[in-house]
Amino acid sequence: MSVSSSARTATLWSAEAPRRPVRAAALLIACALAVLTLAGCARGPQKPVLNVWIGDWNADTRKLLDNEVIPPFEREHNVVVKVQYIDWAHLDEKLTVTFAGGVQPDIFQIGAEYVGSMAFRGQAECLDRYVKDWPQRKDFIPASWSTCVADGHVYGIPYLSAPRLLVYRKDLFRKAGLKYPPRTWAEWASTGQALRERNDRGAYTRAGINVQGGWQDFVMLLWQNGGDILTPDGRHAAFNSPAGVEALQYYVDLFRRYQVCPPEGIPTGAVGVPLFAGGQSAQEINNQIGIRDVVKYSKEFSVKDVGVATPPYSRKPTVAVYTDWLAISTQSKQKALAWELLKHLTRPDNLIKYNETQYFIPPIRSSANSAYVRNTPFMREFMHEMEAHGRSLPPIPEWFEMRAGLRTVVDQARYGSKTPKQALDDLARDVDKLIAQREKVR
């Protein structure tokens with residue numbers, strides 16, 4: 001309080017003696033507030049808060065992050081980290097609402113298909129300046145790292161990976177006198193024919209190949225056949241090329257010509273038990289979760305009867321790698337601190353433990369020597385294939401519209417409402433229009 005204001009207070013008190021009790025009460029309140037203010041100053045400023053959204057989690061993940069990973073970071077940086085565990089079904093909606101309202105999280109987890117839209121909309125912070133001299137960058141497997149890159153710029157850090165390989169029953173191959181694993185499309189189709197089983201009514205009791213990957217299977221076959229989703233300049237659809245038409249025709253032939261699996265699929269024999277683990281599929285394209293399901297559910301056979309291999313291909317071996325990753329919001333007011341947390345979460349030991357809680361594959365090479373990878377069936381094989389033949393989805397801003405179109409195309413061809421060429425050509429025209437609209441906005 002200044003000298004002049006003190007003098008003014010003294011004058012008021014002498015001139016208004018009858019109101020002294022009121023003035024005294026006011027003075028006591030003012031003094032109390034001052035004490036509280038000083039006490040607050042003594043405690044120091046409030047700790048900064050980082051809000052984090054995690055989409056891939058289970059009870060073990062929450063326990064790990066809440067009790068083991070996050071607390072040391074909070075102590076070291078004198079910060080509060082609030083983790084919200086998000087349902088993937090509502091992630092898009094929540095991101096849209098929070099970005100529109102300016103209340104977005106500092107760090108959020110998103111899937112393998114998001115980098116193009118995140119970069120185009122300006123929602124994920126470009127991390128080039130952070131990762132330029134970050135030693136751990138070189139440890140990431142390229143097919144995982146590329147998931148977070150658009151137009152040469154880095155927008156996130158990989159958090160878990162799931163490459164899709166051929167998973168097959170070695171015991172069934174041996175029993176049928178077949179060579180395994182199949183290497184080519186022709187071998188794959190013929191083994192699928194030989195391994196399928198039907199009952200007296202003609203209904204499938206075992207698929208020779210469980211071909212229900214839809215658009216994911218088509219994209220894999222497209223890449224294997226030398227095709228691509230877009231032209232090199234990214235301005236036109238390329239999936240309707242001769243290589244794309246041939247790939248989709250092969251996919252349809254697996255159902256119609258070779259009859260390795262009914263178009264509508266096979267009902268599972270037990271609720272919640274996947275076909276392969278339940279013995280109703282001799283082979284399929286799956287990630288490491290397929291192996292976990294065998295360990296968890298199978299009663300007829302064990303992982304000793306299972307093999308994994310590069311998916312059979314036409315022209316070049318290709319393994320589709322799906323990686324979920326962590327991004328920093330462009331609207332975060334604490335980007336440098338968020339980057340420190342991002343480094344902490346993806347530190348090799350924390351990254352490995354996080355993946356272990358969910359049976360996913362750590363996207364770093366050094367994890368191959370971890371106890372988790374060494375002691376988990378086929379984990380090293382999955383990592384080797386991801387390194388040798390892995391490929392991630394391209395960073396296309398219109399990917400979600402394109403994915404919906406690819407789903408329709410695959411169904412149209414599979415059920416015969418359109419030929420593969422008609423279906424792909426129709427979608428290509430729609431995709432070209434979407435890209436042209438985006439170019440106008442730019």
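This is a chat about one helix pair and one sheet in a predicted model.

Trainee: Hi! What should I know about the model before we start?
Mentor: The model is predicted, with local features needing pLDDT of at least 70 and side-chain atom pairs counted only at pLDDT 80 or more, while totals for chains, interfaces and linings use all residues. Residues are numbered from 1 along each chain as its sequence is written, and side-chain values use heavy atoms, leaving out hydrogens and water.

Trainee: Cool. At what angle do H11 and H18 cross?
Mentor: Helix H11 (residues 242–256) and helix H18 (residues 420–441) cross at roughly 130 degrees, their axes coming within 9 Å. Helices here are DSSP runs of H or I with at least four residues, and strands are E runs of at least two, numbered from the N terminus. Axes are lines fitted to C-alpha atoms, for helices over the stretch in contact, with angles from 0 to 180 degrees between N-to-C directions.

Trainee: And which residues make the contact?
Mentor: H11 brings Gly-244, Val-245, Leu-248, Gln-249 and Val-252, and H18 brings Pro-420, Lys-421 and Leu-424. Contact means heavy atoms within 4.5 Å.

Trainee: New topic: in what order do the strands of the open sheet run?
Mentor: The order is E10-E7-E11, three strands with antiparallel pairing. Two strands pair if DSSP finds at least two bridges between them. Strands E10 (283–286) and E11 (306–309) are at the edges with a single partner strand each, so one side of each has no neighbour in the sheet.

Trainee: How many bridges join E7 and E11?
Mentor: Four, with E7 covering residues 165–169. Val-167 stands opposite Val-308 in E11.

Trainee: Which helix lies across E7 and E10?
Mentor: That's H9 (residues 185–195), running at about 125 degrees to E10.
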